[in-house]
Amino acid sequence: MTITLGIPSKGRLKDKTIETLAGAGITVEPAANARSYRTSVTGFDGLEVLLLSASEIARELRDGAIDFGVTGEDLIRESIPSPGRAVEIVARLGFGHADVVVAVPDSWVDVETMDDLGDVAGAFRARHGRRLRIATKYWRLTQSHFTRLHGIQSYRIVESLGATEGAPAAGSADVIVDITSTGSTLKANHLKVLNDEPILRSEACLVKSKSRRRSDAEELLVGDFSGRFGGMAPGA
Ligand SMILES: Nc1ncnc2c1ncn2[C@@H]1O[C@H](COP(=O)(O)OP(=O)(O)OP(=O)(O)O)[C@@H](O)[C@H]1O
Ligand SMILES: O=P(O)(O)OC[C@H]1O[C@H](OP(=O)(O)OP(=O)(O)O)[C@H](O)[C@@H]1O
């Protein structure tokens with residue numbers, strides 16, 4: 001009988017995830033070969049570790065294909081329609097910090113808040129003959145922030161899968177929603193973050209799937225595994 005944990009196979013969360021597991025007494029061995037997505041683990045009997053990309057981990061948790069995963073909260077909230085129903089954040093891990101923010105061109109001197117941006121969005125069509133365009137890969141977070149939280153209805157999301165910060169200068173969007181940590185990419189692209197709270201303050205989290213069907217014995221293992229991370233700050 002085993003339970004499964006998905007960890008990032010690459011990227012900025014990988015090394016710290018392995019360190020965090022080591023801190024909980026769980027050693028992840030390097031994969032047998034670079035293309036393998038399974039690896040062996042010592043320090044927790046019955047735990048199987050799968051190496052996946054950060055965004056795949058969020059989807060696998062949603063679908064109940066793995067019991068636990070380590071990934072960014074931004075990817076959890078973006079990939080899962082009702083996160084509270086499908087998953088539980090067991091612990092916030094204290095690395096991979098980044099904010100999902102709304103940024104506008106520096107030259108928009110009258111726009112400092114979402115209220116200001118709402119005014120711009122409302123007048124945009126009359127002034128420019130089209131709706132305000134927002135470049136992002138965070139569709140769900142953007143819609144929820146603009147429409148549900150701030151009541152802004154008039155905008156269009158332009159999907160961006162890379163170099164989002166370049167979209168306003170390239171003329172493919174007016175403003176952006178993206179992740180930032182040091183702020184240097186925004187600065188280099190002459191964009192400024194609005195003064196309101198960010199859409200999300202994200203960090204790496206240990207997340208449990210609630211969608212996965214488990215036997216009683218597996219539930220016990222799941223409880224033991226969560227308990228190893230009990231000292232860390234839990235999430236919503
Ligand atoms: N400066 C940053 N830029 C982008 N993501 C960051 C940054 N700092 C932390 N993160 C977090 O890292 C996670 C994405 O990691 P990374 O970009 O390494 O993944 P990836 O391997 O490219 O994943 P995928 O292929 O699934 O997109 C996100 O949860 C994000 O919040
Ligand atoms: O605020 P900063 O410290 O400048 O970081 C933010 C930037 O870093 C990431 O891009 P990255 O170039 O790492 O590539 P990625 O989009 O493939 O992750 C992210 O998409 C932002 O563009």
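In the predicted model, Gly 6 is a residue of strand 1, which spans residues 3-8. The surroundings of Gly 6 hold 29 C-beta neighbours inside 10 Å, and the residue therefore counts as buried, the threshold for burial being 20 or more other C-beta atoms within that distance. Once neighbours within four places in sequence are set aside, the contacts of Gly 6 are with Leu 50, Leu 52, Ile 57, Glu 60, Ile 66 and Gly 69. Two of the elements defined elsewhere in the chain appear in this list: Ile 57 and Glu 60 are among the buried residues of helix 2, and Gly 69 falls within strand 6 (68-72). A further link between strand 1 and helix 2 is given by the C-alpha atoms of Gly 6 and Glu 56, which are separated by 9.0 Å although the two residues stand 50 residues apart along the chain.

Helix 2 itself comprises residues 54-62, and 7 of its 9 residues are buried, so the helix is largely enclosed by the rest of the structure. The buried positions are Ala 54, Glu 56, Ile 57, Ala 58, Glu 60, Leu 61 and Arg 62. Charged side chains are represented in this set, with Glu 56, Glu 60 and Arg 62 belonging to residue types that count as charged. Just after the helix, Gly 64 adopts a positive phi of about 70°.

Helix 2 also takes part in the surroundings of ligand 1. With 3 residues, helix 2 gives the most to the shell around this ligand, while strand 6 (68-72) and helix 3 (73-79) each supply at least two residues as well. Of the 17 residues around ligand 1, those that come nearest are Gly 11, Ser 53, Ser 55, Gly 72 and Ala 98. By class, the shell consists of 8 polar, 5 nonpolar and 4 charged residues.

The position of the ligand can be described in terms of the domain assignment, which divides the protein into domain 1 (3-96 + 203-227) and domain 2 (98-200). The centres of the two domains, taken over C-alpha atoms, are 32 Å apart. Their contact draws on 5 residues from domain 1 and 7 residues from domain 2. On the side of domain 1 that touches domain 2, there are 4 charged residues and 1 polar residue, with no nonpolar residue. Both domains give residues to the shell around ligand 1, and the ligand therefore lies between them.

In the UniProt record, an unreviewed entry, the annotation "domain: ATP phosphoribosyltransferase catalytic" covers residues 54-216. This span is 34% helix and 29% strand, and its end C-alpha atoms lie 29 Å apart.

Two residues with unusual backbone geometry were also examined. Most residues other than glycine have a negative phi. Ala 163, which is not a glycine, nevertheless has a positive phi of about 50°. Ala 163 is located in the loop between strand 10 (155-159) and helix 7 (167-170), and counts as exposed because it has 12 C-beta neighbours inside 10 Å. His 190, likewise not a glycine, has a positive phi of about 55°. The loop that holds His 190 runs between helix 8 (184-188) and strand 12 (191-193). With 13 other C-beta atoms within 10 Å, His 190 is partly exposed, since the exposed class requires 12 or fewer.

How values were computed. Residues are numbered from 1 along each chain as its sequence is written. Chains are lettered from A and ligands numbered from 1 in the order in which they are written. This is a predicted model: local features need pLDDT of at least 70, side-chain atom pairs count only at pLDDT 80 or more; totals for chains, interfaces and linings use all residues. Helices (H or I, at least four residues) and strands (E, at least two) are DSSP runs, numbered from the N terminus. Domain bounds come from an automatic or database domain assignment. Two residues are in contact if their C-beta atoms, placed from the backbone, lie within 7 Å. A residue is near a molecule or strand if its C-beta atom, placed from the backbone, lies within 6 Å of it. UniProt positions are given in the numbering used here, feature names are shortened, and annotations may be inferred rather than shown by experiment.
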